[in-house]
Amino acid sequence: MLFRSLNLVDRLQDALVRSLPAFGGGCDGRSVALMLLPLPVMPLLLLLQTRLWPLGAGSGIPQTLVHLARPASTPRLMAAPATLQRLTLWSLASLALVPLGREGPVVQLGAALMTTLNHWRPGLLAWIPRRDRLAIAAAAGFAGAFNAPLVAVLFLVEELNQGRRSRWLWPALVVVALAALVSNLGGQPLYVLGRLAMRRSELSQVAWALPFGLLSGLLGGLFSRLLLRACGWLSPLARRHPWRIGLALGTGLALLALISGGASGGDGETLMTALLQRPLPPWRAGLLLLTRLIGPCL
């Protein structure tokens, strides 16, 4: 039910994004108000995270990794207050079209549900090591949110296990596949971005994939570096001055939204779907890429 609620918020965000000028919506007062939403919401989010709901701060993935490493000493990270705070903060940010996804909350939610199950029925899955149980549940949360079991298994191997060998990989694949199936039955589309009709030969596709893969990797590295630098610089300031920094960040996000016609807002799924259907001229694509690099850092 909680995962379905997250998906409903995500679909509502998609509907709001599609009403903006970049996606064919009108440039009226309602659209301008939507693009200006980060201005009042960002200070509220920072005040809540730094003053009232500190357990709900962050995406949820770092908290899950810490809990996987030290489950006995970090029960508060997976407790109900932290989970509900994070889901509320994420919902507020998503409906204000802040450019972030739901990967973190769903991963933390999956691990939190398994932590609760371990507490209520400690002997139920005792034959599986505790860390593996939590990691599989976190990956199942990822699969349930995106209907992507194979990506969830890769996330389990690369991020949650961090190179640590596990003999529970095949059972994990079954669990995440079932999670994706239940999510699909609950309304999450099987192919979120649609299907690509490719008429080129496999060899030609590979020839194009290599340079684009390298370029994407470089952009991904650049984005990660920007994100880490921005967080390292802004986080201490935000804790000391949440109201002022929140207004500054909200202003930046609102300006990006106005410049891009709203394309800089939201988690990017609606944007990717639109780009698959209608390619952009190079100058617009470059401007859009810049806003999508800066927005999440803010």
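The following questions and answers go through the helices, cores and selected residues of this predicted model.

User: Which helix supplies the largest share of the largest nonpolar core?

Analyst: The largest nonpolar core has 35 residues, and Val107 and Leu160 are those with the most contacts inside it. Helices H1 (2-18), H4 (61-69), H5 (80-95), H6 (103-120), H7 (130-146), H8 (149-160) and H9 (169-185) each supply at least two residues of this core. The largest share is eleven residues, and the helix that provides it is H7.

User: Which residues does Val107 touch, not counting residues up to four places away in sequence?

Analyst: Val107 is among the buried residues of H6, and it is one of the residues with the most contacts inside the largest nonpolar core. Not counting residues up to four places away in sequence, the residues that Val107 touches are Ile61, Thr64, Ala138, Phe142, Phe155 and Leu160.

User: How many residues are in the other core, the one that includes Leu89, Ala96, Val98 and Leu253?

Analyst: This core lies apart from the largest nonpolar core, which has 35 residues. With Leu89, Ala96, Val98 and Leu253 among its members, the number of residues in this other core is 14.

User: Over what arc around the axis of H9 do its buried residues lie?

Analyst: H9 has 17 residues and reaches 24 Å from its first C-alpha to its last, close to the 24 Å expected at 1.5 Å a residue. Within H9, the buried residues are Ala172, Val176, Ala179, Ala180 and Ser183. Trp170, Val182 and Leu185, in contrast, are exposed on the other side of H9. The buried residues are therefore placed on the same side of H9, since the arc they cover around the axis is only 95°.

User: What distance does H6 reach from its first C-alpha to its last?

Analyst: H6 has 18 residues, for which a span of 26 Å is expected at 1.5 Å a residue. Its buried residues include Gly104, Pro105, Gln108, Met114 and Asn118. From the first C-alpha of H6 to its last, the distance reached is close to that expectation, at 26 Å.

User: At about what angle do H3 and H11 pack?

Analyst: Two packed helices are described by the angle between their axes and the distance between the axes. H3 (residues 38-52) passes H11 in a right-handed crossing, and the contact involves residues including Pro38, Leu39, Met42 and Leu46 of H3 as well as Trp243, Ile245, Leu249 and Leu253 of H11. The axes of H3 and H11 are 7 Å apart, and the angle at which these helices pack is about 145°.

User: Is Ser260 buried or exposed?

Analyst: Ser260 is found in helix H11, which covers residues 242-260, and beyond residues up to four places away in sequence it touches Ala22 and Thr291. Because its relative accessible area is 13%, and the cut-off is under 20%, Ser260 is buried.

User: What is the phi of Leu97, which is not a glycine?

Analyst: Leu97 lies in the loop between H5 and H6, and its relative accessible area of 6% means that it is buried. Although Leu97 is not a glycine, its phi is positive, at about 65°.

User: In which loop is Asn147 found?

Analyst: Asn147 is not a glycine, yet it has a positive phi of about 55°. At 9% relative accessibility, Asn147 counts as buried. The loop where Asn147 is found is the one between H7 and H8.

User: Which residues is Asp14 in contact with, leaving aside its neighbours within four places in sequence?

Analyst: Asp14 has its place in helix H1 and counts as buried at 11% relative accessibility. The C-alpha atoms of Asp14 and Glu159 are separated by 28 Å, with their positions 145 residues apart along the chain. Leaving aside neighbours within four places in sequence, the residues in contact with Asp14 are Asp267, Glu269 and Thr270.

User: How far apart in space are Glu158 and Trp243, C-alpha to C-alpha?

Analyst: Glu158 has its place in helix H8, where it counts as exposed at 55% relative accessibility. Glu158 and Trp243 are 85 residues apart in sequence, and in space their C-alpha to C-alpha distance is 37 Å.

Technical notes. Residues are numbered from 1 along each chain as its sequence is written. This is a predicted model: local features need pLDDT of at least 70, side-chain atom pairs count only at pLDDT 80 or more; totals for chains, interfaces and linings use all residues. Side-chain values use heavy atoms; hydrogens and water are left out. Helices (H or I, at least four residues) and strands (E, at least two) are DSSP runs, numbered from the N terminus. Buried means under 20% relative accessible area, exposed over 50%, partly exposed in between (1.4 Å probe, protein chains only). Contact means heavy atoms within 4.5 Å. A nonpolar core is a set of buried Ala, Val, Leu, Ile, Met, Phe, Trp, Tyr and Cys residues joined through side-chain atoms within 4.5 Å. The expected span of a helix is 1.5 Å times one less than its number of residues. The arc is that of the directions from the helix axis to the C-beta atoms. Axes are lines fitted to C-alpha atoms, for helices over the stretch in contact, and angles run from 0 to 180 degrees between N-to-C directions. A crossing is left-handed if the near helix is turned anticlockwise from the far one by less than a right angle, and right-handed if clockwise.
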